[in-house]
Amino acid sequence: MALSAPSTKLDMLYRQPYFAGIPLPVVEVLADAMMLHEYHTGKVIFLEGDVSRGLYIVRRGRVRLYRSSFRGREVILRIVREGESFNEVPVFDEGANPVNAMAMDDTEIWIVPAGAIREQLQVCPELAMTVIQALCQRSRKLVAKVAETSLYPVTSRLAKVLLELPPERLSGGNRLSQEDLAAYLGTVREVLARSLRQLQRKGAIQVRRGHIVVLDEYILRSIALMLESE
């Protein structure tokens, strides 16, 4: 459902690494093309393989980016929060969406049409260079994530995630489910449950009815630093 556009379009665009420092006239063209859409909790925003509509920027809420196997196993690649963008790759390579996207809350998303961005790339060399630099940074983060998944045991990766997540994402009505946490780590719930029990035995956390409370950050940090294969 399309919504009326508020006056924060330029601010939202300039917060994205792709448009940082770009001349105002170029960003104004993109802002004029932006449309705001609303997706209710659990609504699929797009599917892997679909034609890309453009660059998505979360104004409010959270979005889960994931891929699923033919057997139904899901891996969460990223959770996108307010102010962050996603689905950049098909905007620039003109391919299909590489992932699925679903609203985790009632969510508002700006969509910058892919065609508008490509047009400005043709007329603004500064934009092209900024996009290249931003994509390279994203590529480095992806390499780091792949290496982390390959080298760290699940318990170490879980400890790292528990240190990074705010307390409200671990305990309370808006917490991540254990299914989501397992998918984010690239594992299954049974393995996650074993890792949670291991951390609880070490005194790092307490788990009660799906709520996770961090008791000792020092223990979590020591476990997160364990570089050993499973």
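This is a short tutorial dialogue on reading strands, burial and charge in a predicted model.

User: Let's start with strands. With which strand does strand 4 pair over six bridges?

Analyst: Look for the partner and the direction. Strand 4 pairs with strand 9, residues 107-113. The sense is antiparallel. For one contact, find Arg60: its bridge partner in strand 9 is Glu108.

User: How many bridges join strand 4 to strand 7?

Analyst: Two bridges join them, and the strands run antiparallel. Strand 7 covers residues 85-86. Find Ser85 there: Ile57 stands opposite.

User: Is strand 4 mostly covered or mostly open?

Analyst: Go residue by residue. Strand 4 spans residues 54-60, and five of its seven residues are buried. So the strand is mostly covered, where buried means under 20% relative accessible area. Arg60 counts as partly exposed, at 33% relative accessibility.

User: Now charges. How many salt bridges are there?

Analyst: The count comes to 11 salt bridges. Take Arg60 again. Its side chain meets that of Glu38 in a salt bridge, 4.0 Å from N to O. This pair links distant parts of the chain: Arg60 is in strand 4, Glu38 is in strand 2, and their positions lie 22 residues apart in the numbering.

User: Which residues are linked with Arg60 in a network of salt bridges?

Analyst: The network links Glu38, Arg59, Arg60 and Glu108. You have met Glu108 already, as the bridge partner of Arg60 in strand 9.

User: Which residue forms a salt bridge with Glu84?

Analyst: Arg78 does. The closest N and O atoms are 3.7 Å apart. Check the accessibility of each partner. Glu84 is partly exposed, with a relative accessible area of 32%. Arg78 is also partly exposed, at 22% relative accessibility.

User: What about Arg138 and Glu88: how far apart are N and O in their salt bridge?

Analyst: The distance is 2.7 Å, N to O. The pair links distant parts of the chain, 50 residues apart. Arg138 sits in helix 5, while Glu88 sits in the loop between strand 7 and helix 3.

User: Is Glu88 buried or exposed?

Analyst: Glu88 is at 7% relative accessibility, so it counts as buried. Arg138 is at 27%, so it counts as partly exposed.

User: Where does Tyr152 lie?

Analyst: Tyr152 lies in the loop between helix 5 and helix 6. Do not judge burial from the word "loop". Check the value instead. Tyr152 counts as buried because its relative accessibility is 16%, and the cut-off is under 20%. You can also look at distance in space. The C-alpha atoms of Tyr152 and Pro17 are separated by 29 Å, and the two residues are 135 residues apart along the chain.

User: Which residues gather in a patch of positive charge on the surface?

Analyst: Arg194, Arg197, Arg201 and Lys202 do. Pick out Arg197. It is in helix 8, residues 189-201. Arg197 is partly exposed, with a relative accessible area of 43%.

User: Last one. How do I read the hairpin of strand 10 and strand 11?

Analyst: Start with the pairing, then go to the turn. Strand 10, residues 205-208, and strand 11, residues 211-214, pair in the antiparallel sense over four bridges. Gln206 stands opposite Val213 in strand 11. The hairpin has two residues between the strands. Now check the backbone at Arg209: this residue takes a positive phi near 55 degrees.

Key
Residues numbered from 1 in each chain as written. Predicted model: local features only at pLDDT ≥ 70, side-chain atom pairs only at ≥ 80, totals over all residues. Heavy atoms only, no water. Patch = residues over 30% accessible without salt bridge, like charges linked within 9 Å, V, L, I, M, F, W, Y side chains within 5 Å. Areas by Shrake-Rupley, 256 points an atom, 1.4 Å probe, with all protein chains shown as cover. Lys, Arg positive; Asp, Glu negative; His and termini not counted. Charge placed at Lys NZ, Arg CZ, Asp CG, Glu CD. Buried < 20%, exposed > 50% of the residue type's maximum accessible area, 1.4 Å probe, protein only. Pairing = 2+ DSSP bridges.
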